[in-house]
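This report describes one structure for a reader who has not seen it before. The sequence and the model come next, followed by the description.

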Amino acid sequence: MRLYILLSFLLLAVFCSSLVDASRVKFGTLCSRNPSNRQRGCDKKYGCGHYGAKRGNRKHMGLDIMCADGDTVVAPFDVKLNGRSMPYSQNNAINDGINLSGQGLCFKLFYVKPDRYSGTLKKGQRIGRMLPMQRVYPGITSHVHVQMCDRSDPTKYF
Ligand SMILES: [Zn+2]
């Protein structure tokens, strides 16, 4: 009987830690035509896609996941939509994005036109579509920008 109680507590502990531990979270597919979340490498003109890459005298505070212009962007896991998040202060053709939370993480996706800015989505359901990045940066590797709300490195989740 005592062993049974002990085991129950152990199971409960394991269950709870799996709910809380966000470090083991992995992003599912973000763009339909890039099911394995291939990351953007480096472009001749526009720099690299990894976290911390140089952007003039600033740093790239996110991770770029390859995404074709017009592709369908989907929820990487069950998410809550927390409103609009725009990458630029000056407007252009790709200046839109969404703030999301789920799996204990808060993050933003840039260059995406969401169908809506609130509510919830299940993993794999459509968030919206990739905006026409080639129109703004001709020749760039088109991509969605993933940025954690606390500006930490998202790479470990991929
Ligand atoms: Zn980026």
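## A histidine, a zinc site and a sheet

His143 lies in strand β13 of this predicted model. The relative accessibility of His143 is 4%, which is under the 20% limit, so His143 counts as buried. Residues that His143 touches include Arg40, Ile65, Met66, Cys67, Tyr111, Met130 and Met133, leaving aside residues up to four places away in sequence. Asp64 is also among the contacts of His143.

The side chain of His143 takes part in the two contacts below.

| Side chain | Partner | Distance |
|---|---|---|
| His143 | side chain of Asp64 | 3.4 Å |
| His143 | backbone oxygen of Thr141 | 2.8 Å |

Asp64 leads on to the metal site. Through OD, Asp64 coordinates the zinc ion together with His60 (NE2) and His145 (ND1), at 2.0 to 2.1 Å. Along the chain, the donors have the spacing H-x3-D-x80-H. His60 and His145 link distant parts of the chain, 85 residues apart: His60 is in the loop between β4 (58–59) and β5 (63–66), and His145 is in strand β13 (residues 143–148). Both histidines, His60 and His145, are buried.

Strands β5 and β13 also belong to an open sheet of six strands, in the order β5-β13-β9-β8-β7-β11 with antiparallel pairing. At the edges are β5 and β11 (118–121), each of which pairs on one side only. On average, neighbouring strands of this sheet are turned by 30° against each other, direction ignored. Within the sheet, β7 (residues 79–84) and β8 (residues 97–102) run antiparallel and are joined by three bridges. Opposite Leu100 in β8 stands Leu81.

Terms used. Residues numbered from 1 in each chain as written. Predicted model: local features only at pLDDT ≥ 70, side-chain atom pairs only at ≥ 80, totals over all residues. Heavy atoms only, no water. Donors = N, O, S within 2.8 Å, 3.2 Å for Na, K, Ca; no water. Helix = DSSP H or I, 4+ residues; strand = E, 2+ residues; numbered from the N terminus. Buried < 20%, exposed > 50% of the residue type's maximum accessible area, 1.4 Å probe, protein only. Pairing = 2+ DSSP bridges. Axes fitted to C-alpha atoms, helices over the stretch in contact; angles between N-to-C directions. Polar contact = N/O pair within 3.5 Å; in protein donor to acceptor, adjacent residues only side chain to side chain. Contact = heavy atoms within 4.5 Å.
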